[in-house]
Amino acid sequence: QRKIHSYKINLRDILGLTNKKNLPEIRLKHPLLLEDGSILVILSGGGYKSIVKLDNCGDLVLKNDEIRAHHSLEVDNRGYIYFPIHLSKKNISEDQEMHSDNYLFDGFAIANKNLEIKKKYSMMDIYLKNNLEADIYGNQSLINDPFHLNDVQPFSSADEGNYVLLSMKGHSRIMALDINSEKVL
């Protein structure tokens, strides 16, 4: 129960602010400590939804602004990073005419150690491929956040399969998914 390390994080450097203007309201959420002492965090607020990697001194090493990450950051036994994301309507294969502009198309992404996105998954596509659309459209009214993906937990089985456990607030559900076939187990 003693502190063994602390990080001196300079938000101005991370955000690229060189002047004295006020810092936006930023939160560093869901830190993930890596084996080398660096940390990954989700930068949230003030229009930011980025993942940043900080070295063991708290200095910026990498940043990925291309995705809108939220909630958890997890790492698998190969060093790939898993996290929930918000997708835009243009990334969804299903016809969106019935969805309001406020509808949240959740999904998750897998990135390598350099924060390069290897693959994105759409929860809408997963539900449609697995004939679960009644869980989305079977209510009296269409809700704007049917998935609310909180956690993506990777695991590998003895048969060398690659799976994720998906924790969703919207359906009060934990779902096991084979990430290669996108089959719900």
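Start by selecting strands S8 (residues 105-111) and S9 (residues 117-122), which pair in the antiparallel sense over five bridges. A strand here is a DSSP run of E with at least two residues, a helix is a run of H or I with at least four, and both are numbered from the N terminus. Two strands pair if DSSP finds at least two bridges between them. In general, strands of a sheet pair through backbone hydrogen bonds, either parallel or antiparallel.

Before you click on, a quick note on what you're looking at. This is a predicted model, with residues numbered from 1 along each chain as its sequence is written. Local features need pLDDT of at least 70 and side-chain atom pairs count only at pLDDT 80 or more, while totals for chains, interfaces and linings use all residues; side-chain values use heavy atoms, without hydrogens and water.

**Stop 1: the hairpin**

Stay with S8 and S9: they form a hairpin with five residues between them. Pick Leu115 in the turn, which has a positive phi of about 65°. Now show the side chains of Phe108 and Tyr121, which stand opposite each other in S8 and S9. How far apart are the centres of their rings? They are 4.5 Å apart with the planes at 10°, so this pair is stacked. Rings of Phe, Tyr and Trp (its six-membered ring) pair if their centres lie within 6.5 Å; planes under 30 degrees apart count as stacked, over 60 as edge-to-face and the rest as tilted. The pair ties together parts that are 13 residues apart in sequence.

Are these two residues buried or exposed? Phe108, at 0% relative accessibility, is buried, and so is Tyr121 at 4%. (Buried means under 20% relative accessible area, exposed over 50%, and partly exposed in between, using a 1.4 Å probe and protein chains only.)

**Stop 2: the four-stranded sheet**

Next, select S10 through S13. They make an open sheet in the order S10-S11-S12-S13, with antiparallel pairing. The edge strands are S10 (149-156) and S13 (183-184), each pairing on one side only. Seven bridges join S10 to S11 (residues 162-168).

Zoom in on Phe155 in S10. Its bridge partner in S11 is Tyr163, and their rings are stacked too, with centres 5.4 Å apart and planes at 25°. Tyr163 is buried at 11%, whereas Phe155 is partly exposed at 32%. Add Leu165 and Ile174 to your selection: with Phe155 they form a nonpolar patch on the surface, with about 270 Å² of accessible area together. Patches like this use residues with over 30% relative accessible area and no salt bridge, with nonpolar side chains (Val, Leu, Ile, Met, Phe, Trp, Tyr) joined within 5 Å and like charges within 9 Å. The areas come from the Shrake-Rupley method with a 1.4 Å probe, and for residues only the protein chains shown count as cover.

**Stop 3: salt bridges**

How many salt bridges are there? The count is four, where each is a side-chain nitrogen of Lys or Arg within 4 Å of a carboxyl oxygen of Asp or Glu.

- Glu182 and Lys119: the closest N and O atoms are 3.6 Å apart. Glu182 lies in the loop between S12 (173-178) and S13, and Lys119 in S9, so the pair ties together parts that are 63 residues apart in sequence. Add Lys129 to see a network of salt bridges linking it with Lys119 and Glu182.
- Asp135 and Arg173: they meet at 2.7 Å, N to O. Asp135 sits in helix H3 (residues 134-137) and Arg173 in S12.
- Arg78 and Asp76: the closest N and O atoms are 2.8 Å apart. Arg78 is partly exposed at 47%, while Asp76 is buried at 12%.
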